[in-house]
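Hello,

Here is the structure I promised to pass on to you. Have a look at it first, and then read on for what I found in it.

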Amino acid sequence: MSQPTTSQPQMRKPVEGFLDNKKFLHPKFVANYGNWKYHDRPRPGVLHHVSHSGDQVWTVRAGTQRQMDHYTIRRLCDIADNFAEGFVHFTIRSNIEFMVSAEQKVAPLIAELEKNGFPVGGTGNSVSMVSHTQGWLHCDIPGTDASGVVKSMMDGLYDEFKAEEMPNRVHLSTSCCEINCGGQADIAVIIQHTKPPRINHEMVANVCERPTVVARCPVAAIRPALVNGKPSLEVDEKKCICCGACYPPCPPMQINDPEYSKLAIWVGGKNSNARGKPTFMKMVASGLPNNAPRWPEVNAVVGNILRTYKADARPWERLSDWIDRIGWPRFFEKTGLPFTKYLIDDWRGSRANLNASTHIRF
Amino acid sequence: MAKPMHPTPNLDQLESGPWPSFVTGLKRLAKDKDYVVDVLGHLEHSYQTRKGYWKGGTVGVRGYGGGVIPRFTEIKDDAGQPVFKDAAEFHTIRIMPPPGMHYDTATLRQMCDVWEKYGSGLIALHGQTGDIMFQGCTTENVQPAWDEFNKMGFDMGGAGPSVRTGMSCVGAARCEQSCYDEAKAHTMVVNRFLDDIHRPALPYKFKFKFSGCPNDCMNSIQRSDMAIIGTWRDNMRTDEALAKKWFAKHGMNELVNDVVSRCPTKAIQIKEIKDVRKTGSISSVALNDTQALEIDNKDCVRCMHCINVMTGALATGVDKGATILIGGKRTLKIGDLMGTVAVPFFKLQNDEDYENLVELGQTIIDFFAENALEHERTGEMIERIGLVNFLEGIGLEIDANMVNSPRMNPYVNTLGWDEEVAKINAKKAAA
């Protein structure tokens, strides 16, 4: 009996499982795994690690655009094969690192990277690449683009990426909505909506699970309503804080607006436990226009904060350490940024952010 | 040769300037792919109107409930047809990278081959959760592309209300500050939760991040539900040759201003060598013939600052493990939450210790699955039910390292006080 022919493709059973990383490691990393003694930085963009065994590895770090075409990745692989030793490592900020086991390979590797347009730097007390999100290129809820903001920022900060001239390391992030996928950073650029969502009542009943949307609102401003005879939702606009939390579960509640989705600047986030405990960042500016394609207003504020920090902070002070020393009034004075009433917290637990002392710098 | 390009006056402005340009990369891809010609047109439309135009949907691969991020265009003409028809679908496949994001070039080239063949050719290294993001694929090509990645040995990352792809730092492979085998812990944990990663069934997402020391390069305390941050219990190690070398180069002013005075608990003092204390909690190292640094390890909070400044001269101890913090997340919906201490010191030395770490993760996820509300993260659940209830639920003992300070209000019924004291005393007596 012959098998009936069918167009159904052969089902391949997926192989579930997560790889160990040993086969992806530079041989010197395998040989000295867990046995490193110290490191130093011979020049910006280069790390030199020394093992208890006496082995040495030089790492050269270069910036990338994160969203890379395969030609770019292949070019980086060519450089890794021809000028390094065939292994690379990516940092959390999308920098690529090449490892070599001889010091004389460092200079030609740097020259080749720079020749191909990849800046070498991002180590130590530099401004590293921006940790960022997807934006208009791919996200379903973005208020702005990510790659474009980052490109315009890093063009301006190119020299600071390549030098180690900041008081301490500077981490940046950008995020296209208040969910803040870009994460905590010394300076972060984040969308801040300023108008409540515009509701397409025709679509709500078909697209949204209404109780879920009601439950998602942090200030209980959303309630079910019958609009034009159709089940929908309404927003108490006096209560609405324009956070956009209702938009992902209910796309007909459009929060993004070309004019009223603004950009805010936050400073002083630090995840390291070094010196003080980790800190969350604080909003210091808002209302900046979403001015694609190069966001000059945002870059002016970020550049100003960085210049002020660079000139005024002491060695090893992260942005948050610097502000701890000089105080918030002088931060606003030195940067010239206006301290508006919107920067005084009134969310839950906010009294802990008020100055309950006579500690005032005159 | 692909079809002619759409005009992209906004995006063109992102090709100037010294930083590598993603637009230039997209244009390279567009030379051969109609798909990317329309992706550029789509993105330019966003730049012109300052809005996004992708909506979600349902696209997946056989056997999995997540890992593909579906995107369908919302830019339609009057007849409801996509304006950029070749880019009507722009899905992303999330693939888990090797722990620590280490690669050999052959692997990267093979990934490029697959994505050149089946996708847009655009790859993000890496997404914020820690996945390799293969960006831009039609519904039809998702399955064959996934099959190729899977045949290479790679597996799908998490999406939706599931355990997510983990992240670990460069770690023991290259860093002297590593306090445990991050990649080993990462691999073992992910392999336990594959089902929870691939078939979303939790109240909301759950993230693990692995940092080898308190510098926390993976930003685990702010971004993961379970942060495993390396630390040590014994005294800091010192190296006299490296300390003297550092001091000769940097001098007393930098030592005082950058090291001693920046110690958050004032655990470091400069002393005459003859005056250095000899008690069990002291680490010391000579700086020159007469002076030494003296560190009282009982006062040290393992912040890493002095070790960062004087690498090798000062180093972590050897009785290593991790501090485990639970409940970190960003804003929505109750506000930012840091992970807070659930286990002050979790020994990570032998295989059994790592197995115990996986079991702790399992216990916490089981409790989360049973007790969290829909769309509630672990930190929000703890805020709602209180840390003590959470700890009792997962069977962990309370510890004074879990708080900044004891309670500052009287609003608690302490009727069970004597009973608790008796339990603590009984435990002390048994120890």
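**What turned up**

Let me begin with a hairpin: E5(A) and E6(A) have five residues between the strands, and Ser94(A) in this hairpin takes a positive phi near 65°. Please keep in mind throughout that this is a predicted model.

The two strands of that hairpin run antiparallel and pair over three bridges. Within this pairing, His89(A) has Glu97(A) of E6(A) as its bridge partner. E6(A) also pairs with strand E3 (residues 56–62) of chain A, again in the antiparallel sense, here over five bridges. In that second pairing, Trp58(A) is matched with Val100(A) of E6(A).

How much of E6(A) is buried? Five of the five residues in this strand, which covers residues 96–100 of chain A, are buried. In a regular strand the side chains alternate between the two faces of the sheet. In E6(A), both faces are covered: Ile96(A), Phe98(A) and Val100(A) are buried on one side, and Glu97(A) and Met99(A) are buried on the other.

**Where the chains meet**

E5(A) has a partner in the other chain as well. With strand E5 of chain B (residues 102–104), E5(A) forms an antiparallel pairing over three bridges. His89(A) turns up here too, standing opposite His102(B) in E5(B).

Across the whole contact between the chains, 92 residues come from chain A and 100 residues from chain B. On the chain A side, the elements that each supply at least two residues are strand E1 (36–43), strand E4 (67–69), helix H2 (70–83), strand E5 (87–90) and helix H4 (147–162). H2(A) gives the largest share of that side, with eight residues. Sorted by class, the side of chain A that touches chain B holds 45 nonpolar, 29 polar and 18 charged residues.

**Domains**

For chain A, the domain assignment lists domain 1 (22–115), domain 2 (135–194 + 258–346) and domain 3 (198–254). The centres of domain 1 and domain 2 of chain A, taken over C-alpha atoms, are separated by 29 Å. Between these two domains of chain A, four residues of domain 1 are in contact with seven residues of domain 2. The domain 1 side of this contact in chain A has one nonpolar residue, three polar ones and no charged ones.

For chain B, the assignment gives domain 1 (9–151), domain 2 (167–217 + 321–430) and domain 3 (237–315). Here the C-alpha centres of domain 1 and domain 2 of chain B lie 35 Å apart. Eight residues of domain 1 of chain B are in contact with 13 residues of domain 2 of chain B. By class, the domain 1 side in chain B has two nonpolar, six polar and no charged residues.

**Chain B and the core**

Chain B has 14 helices and 17 strands, and its C-alpha trace spans about 85 × 60 × 40 Å along its principal axes. Of its 431 residues, 50% count as buried. Among the contacts in chain B with a separation of 6 or more, 66% join residues 24 or more positions apart.

Which residues touch the most other members of the largest nonpolar core? Of the 215 residues in this core, they are Ile265(A), Ile123(B), Ala145(B) and Ile324(B). Helix H3 of chain B (residues 34–49) gives the most to this core, with seven residues. Beyond its neighbours within four places in sequence, Ile265(A) is in contact with Ile187(A), Val189(A), Val284(A), Ala285(A), Val301(A) and Val302(A).

Helix H12 of chain B (residues 378–385) has Thr378(B), Gly379(B), Glu380(B), Met381(B) and Ile382(B) buried. The buried residues of H12(B) pack against strand E16 (320–326), helix H11 (351–371) and helix H13 (387–394) of chain B. Just after H12(B), Gly386(B) takes a positive phi of about 90°.

One last residue to look at is Val83(B), in the loop between strand E3 (72–73) and strand E4 (92–95) of chain B. Why does Val83(B) count as partly exposed? Because 17 other C-beta atoms lie within 10 Å of Val83(B), and a residue needs 20 or more to be buried and 12 or fewer to be exposed. Leaving aside neighbours within four places in sequence, Val83(B) is in contact with Ile75(B), Lys76(B) and Asp77(B). Val83(B) and Gly41(B) are 42 residues apart in sequence, with 9.3 Å between their C-alpha atoms.

Best wishes

Note on methods
Residues are numbered from 1 along each chain as its sequence is written. Chains are lettered from A and ligands numbered from 1 in the order in which they are written. This is a predicted model: local features need pLDDT of at least 70, side-chain atom pairs count only at pLDDT 80 or more; totals for chains, interfaces and linings use all residues. Helices (H or I, at least four residues) and strands (E, at least two) are DSSP runs, numbered from the N terminus. Ala, Val, Leu, Ile, Met, Phe, Trp, Tyr, Cys and Pro count as nonpolar, Asp, Glu, Lys and Arg as charged, and the others, Gly among them, as polar. Two strands pair if DSSP finds at least two bridges between them. Domain bounds come from an automatic or database domain assignment. A nonpolar core is a set of buried Ala, Val, Leu, Ile, Met, Phe, Trp, Tyr and Cys residues joined through C-beta atoms within 7 Å.
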